[in-house]
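Please work through the exercises below with the model open beside the text, trying each task before reading its solution.

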Amino acid sequence: MDIKQYMTEVGQRARNASHAMAKADTAAKNRALTLIAAAIRRDADALRAANKKDLDAARANGLEAAMLDRLTLSDKAIATMAEGLEQIVSLPDPIGEISNMKYRPTGIQVGQMRVPLGVIGIIYEARPNVTVDAAGLCIKSGNATILRGGSEALHCNQALAKLVSEGLAGAGLPADAVQIVETTDRAAVGEMITMPQYIDVIVPRGGKGLIERLMKESKVPMIKHLDGICHVYIDDKADLKKALDIGFNAKCHRYGTCNTMETLLVARSIASTVLPELAKLYATEKVELRGDDEARAILKGYAHLASATEEDWSTEYLAPVLAVKIVADVDEAIAHINKYSSQHTDSIITEDYTRSMRFIREVDSASVMVNASTRFADGFEYGLGAEIGISNDKLHARGPVGLEGLTSLKYVVFGHGEIRE
């Protein structure tokens with residue numbers, strides 16, 4: 001296969017389809033999403049069988065635990081994909097919405113209209129659910145998309161792509177609106193990220209190595225985050241039960257996700273009370289705790305205890321490993337987070353309103369939480385239907401990227417024959 005020629009053809013088809021999608025009506029887009037959701041439920045057994053092929057091959061190839069977790073398509077994950085599409089159907093269609101209309105002294109009216117970005121290129125590893133989430137969001141937001149999934153999810157992605165095509169056809173929308181790159185050759189990625197004439201934005205969903213490469217080589221703007229170094233700070237005004245529940249859930253609910261807690265900060269005055277109780281919970285999952293000197297003194301006797309190094313404060317483990325640091329107060333917690341955080345998601349556990357407000361104002365991350373697990377930093381949980389990715393950039397989109405993140409605004413002007421003098 002001539003990769004350059006193949007990707008050029010894919011890009012041209014996507015660009016042509018994007019024009020049809022931009023003017024598609026809401027009813028047609030919603031029908032496509034509804035049909036895809038129904039097909040996913042109908043073919044759940046076939047999807048599980050395809051996923052098993054991928055998992056068997058991945059294990060044989062020694063894929064690491066975090067990647068296997070992302071690759072697994074459980075019954076719940078299949079149901080969530082379908083529910084996510086139906087949630088997108090229930091959301092207002094942003095395309096064509098006109099806002100901020102104002103009369104100017106000249107008599108003209110000036111406002112802004114929400115429009116699609118055009119063609120979205122999505123590059124992802126070991127996440128078959130991204131195929132559906134991305135397709136659904138791009139369809140509803142009037143964009144065309146080119147999906148390049150990882151080779152480790154080949155069978156599952158192909159099975160899902162057929163269901164997406166079926167839904168588009170049933171709604172009378174162009175099949176090229178959602179295209180799966182059919183080759184696993186890595187050269188296809190190199191072509192995607194250097195095709196600004198066909199692709200308007202790239203969304204990478206993968207490991208740090210992939211995203212670092214794309215940041216260096218891409219000629220197409222990206223919506224991205226590099227890693228998820230998420231913190232939970234337990235304040236000395238925290239409710240103990242909330243601290244234990246959240247401290248355990250944020251780390252142990254799933255290890256291989258970007259919104260999993262990687263560093264636990266605890267106020268010094270309550271550390272001797274809360275840390276031993278949390279350690280009992282972590283012990284049930286054999287979580288390795290890497291503590292500073294104070295934390296290790298409190299946790300002495302914990303079976304899985306190690307010394308934290310400077311590197312631990314800026315490491316995304318994606319594993320049952322947790323860095324633990326004792327801090328004096330909320331000021332030191334905020335300073336630590338703003339120094340080491342990847343600006344993804346950080347949470348404070350406290351009953352003090354003033355401190356919680358300071359935390360959400362001063363912590364410079366895409367999602368900042370009060371008395372909630374970092375695991376909620378997710379498009380589905382935020383009511384976006386699904387997410388096309390997480391962004392910790394400060395321009396265009398930040399946090400979970402849903403429908404509005406895949407649109408832009410253009411100015412519209414309504415006149416009555418006015419001329420500029």
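The exercises that follow treat a helix pair, an enclosed helix, the nonpolar cores and a sheet.

This is a predicted model, in which local features need pLDDT of at least 70 and side-chain atom pairs count only at pLDDT 80 or more, while totals for chains, interfaces and linings use all residues. Residues are numbered from 1 along each chain as its sequence is written, and side-chain values use heavy atoms, with hydrogens and water left out.

**Exercise 1.** Determine how helix H3 and helix H7 are oriented to each other.

*Solution.* Helices here are DSSP runs of H or I with at least four residues, and strands are runs of E with at least two, numbered from the N terminus. The axes of H3 (residues 44–60) and H7 (residues 154–170) cross at roughly 155° and come within 7 Å, where axes are lines fitted to C-alpha atoms, for helices over the stretch in contact, and angles run from 0 to 180 degrees between N-to-C directions. The two helices are therefore roughly antiparallel, a label given to angles over 145 degrees. Contact (heavy atoms within 4.5 Å) involves Leu 47, Ala 50, Asn 51, Lys 53 and Asp 54 on H3, and on H7 Leu 154, His 155, Cys 156, Ala 159, Leu 160 and Leu 163.

**Exercise 2.** Is helix H6 largely enclosed or open?

*Solution.* In H6 (residues 128–140), 12 of the 13 residues are buried, so the helix is largely enclosed by the rest of the structure; buried means under 20% relative accessible area with a 1.4 Å probe, protein chains only. Among the buried residues are Asp 133, Ile 139 and Lys 140. Just after H6, Gly 142 adopts a positive phi of about 75°.

**Exercise 3.** Place Ile 139 in its nonpolar surroundings.

*Solution.* A nonpolar core is a set of buried Ala, Val, Leu, Ile, Met, Phe, Trp, Tyr and Cys residues joined through side-chain atoms within 4.5 Å. The largest has 69 residues, and Ile 139 is one of those with the most contacts inside it. Leaving aside residues up to four places away in sequence, Ile 139 touches partners including Met 21, Leu 33, Leu 168 and Val 178. A second, separate core of 38 residues includes Tyr 233 and Ile 270.

**Exercise 4.** In what order do the seven strands of the open sheet lie?

*Solution.* The order is S10-S9-S11-S8-S7-S12-S13, with parallel pairing; two strands pair if DSSP finds at least two bridges between them. S10 (305–307) and S13 (367–370) are the edge strands, each pairing on one side only. Between S7 (residues 230–234) and S12 (residues 345–349) there are four bridges, and Ile 234 has Ile 349 in S12 as its bridge partner.

Conventions
Parallel < 35°, antiparallel > 145°, perpendicular 65-115°, else oblique. Buried < 20%, exposed > 50% of the residue type's maximum accessible area, 1.4 Å probe, protein only.
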